[in-house]
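This report introduces a single protein structure to a reader who has not met it before. Please look over the sequence and the model before reading on.

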Amino acid sequence: MFLDRDGVIIEDRSFVSRPDEVRLCANVEDMFDLAVRRGTAIVLVTNQSGIGRGYYGWEAFEAVQARMLALLGERLRSAAPLIHATVACPHHPAEGMDGFRIDPMGFRKPLPGMIDFALDRLALDRRRSIMIGDRDIDVAAGMKARLHRSIQLLDGFDHLRVVDSASETQLRRPMSEPVSAFLSRHVFAD
Ligand SMILES: [Mg+2]
């Protein structure tokens, strides 16, 4: 399972760079609990052009990651490793500083480079993998990487756009259905 970070795991406050800015998204623990229970490998793929633009450095990025993991650890019922790998792209084609404009590996979403890199390094099966993000660039990256399914969170985990090679649908969680049941029907369904 490939996950975008900002807007999926933590609230997207545009260029989150300090641990005290980190807030977990609502219901994210339901998604992680389902993934952990199924033994799903979890890989973060995150555009971090704030680094290339000079807004913050890798140390700040790592401090935010550490805070995110600590908060997740408090919320989760499981204790398994939460995130198996993180791939972050610091480049920006227009606003990156010197050395950060050119993205030689095609990592910046909507390109699929980060996903392809992790599939290769971790020997994952792209046809059994899914991508979850909050923007259309996340879905585009997942489609270009020819993953099994790509999902855009249109309103957190309550309203999903689900795209695969054969179909595209939008689904809203019925008020009566718990988030975990909704996600297990639509995100984790085979
Ligand atoms: Mg995002």
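The sections below treat the overall fold, the strands, one helix and the nonpolar core.

## Overall fold

The model described here is predicted. Its secondary structure amounts to six helices and seven strands, and along the sequence these elements follow the pattern β-α-β-α-α-β-α-β-α-β-β-β-α. The radius of gyration is 16 Å, close to the 16 Å that the globule rule gives for 190 residues, so the protein is as compact as a globular protein of that length.

The C-alpha trace spans about 50 × 35 × 30 Å along its principal axes. Of the 190 residues, 33% are buried. When contacts between residues at least 6 apart in sequence are considered, 60% of them join residues at least 24 apart.

## Strands β1, β4 and β5

Strand β4 (residues 130–133) pairs with two of the strands discussed here. With β1 (residues 2–3), β4 runs parallel and is joined by two bridges; Leu-3 stands opposite Ile-132 in this pairing. With β5 (residues 149–153), β4 is again parallel, and four bridges connect the two strands. Here Ile-132 stands opposite Ile-151. Ile-132 thus has Leu-3 opposite it in β1 and Ile-151 opposite it in β5.

The connection from β4 to β5 involves helix α5 (residues 136–144), and the three elements make a right-handed β-α-β unit.

## Helix α1

Helix α1 covers residues 28–38, and its buried residues are Val-28, Asp-30, Met-31, Phe-32 and Ala-35. An α-helix has 3.6 residues a turn, so residues three or four places apart point the same way. Such a spacing can be followed from Val-28 to Met-31 and Phe-32, and from Phe-32 to Ala-35.

The buried residues of α1 pack against two other helices, α3 (58–75) and α6 (179–186). Just after α1, Gly-39 adopts a positive phi of about 75 degrees.

## The nonpolar core

The largest nonpolar core contains 35 residues. Within it, the residues with the most contacts are Phe-2, Leu-3, Val-45, Ile-115, Met-131 and Ile-132. Two or more residues each come from β1, α1, β2 (43–47), α3, α4 (113–121), β4 and β5. Helix α1 gives the largest share, four residues.

Which residues surround Val-45, leaving aside those up to four places away in sequence? Val-45 touches Phe-2, Asp-4, Val-87, Lys-109, Met-114, Ile-115 and Ala-118. Two of these, Phe-2 and Ile-115, are also among the residues with the most contacts inside the core.

Notes: Residues are numbered from 1 along each chain as its sequence is written. This is a predicted model: local features need pLDDT of at least 70, side-chain atom pairs count only at pLDDT 80 or more; totals for chains, interfaces and linings use all residues. Two strands pair if DSSP finds at least two bridges between them. A crossover is right-handed if, with the strands pointing away from the viewer, the path from the first strand over the helix to the second runs clockwise. A residue is buried if 20 or more other C-beta atoms lie within 10 Å of its own, exposed if 12 or fewer, and partly exposed in between; C-beta atoms are placed from the backbone. Two residues are in contact if their C-beta atoms, placed from the backbone, lie within 7 Å. The radius of gyration is taken over C-alpha atoms; the globule rule is 2.2 Å times the number of residues to the power 0.38. A nonpolar core is a set of buried Ala, Val, Leu, Ile, Met, Phe, Trp, Tyr and Cys residues joined through C-beta atoms within 7 Å.
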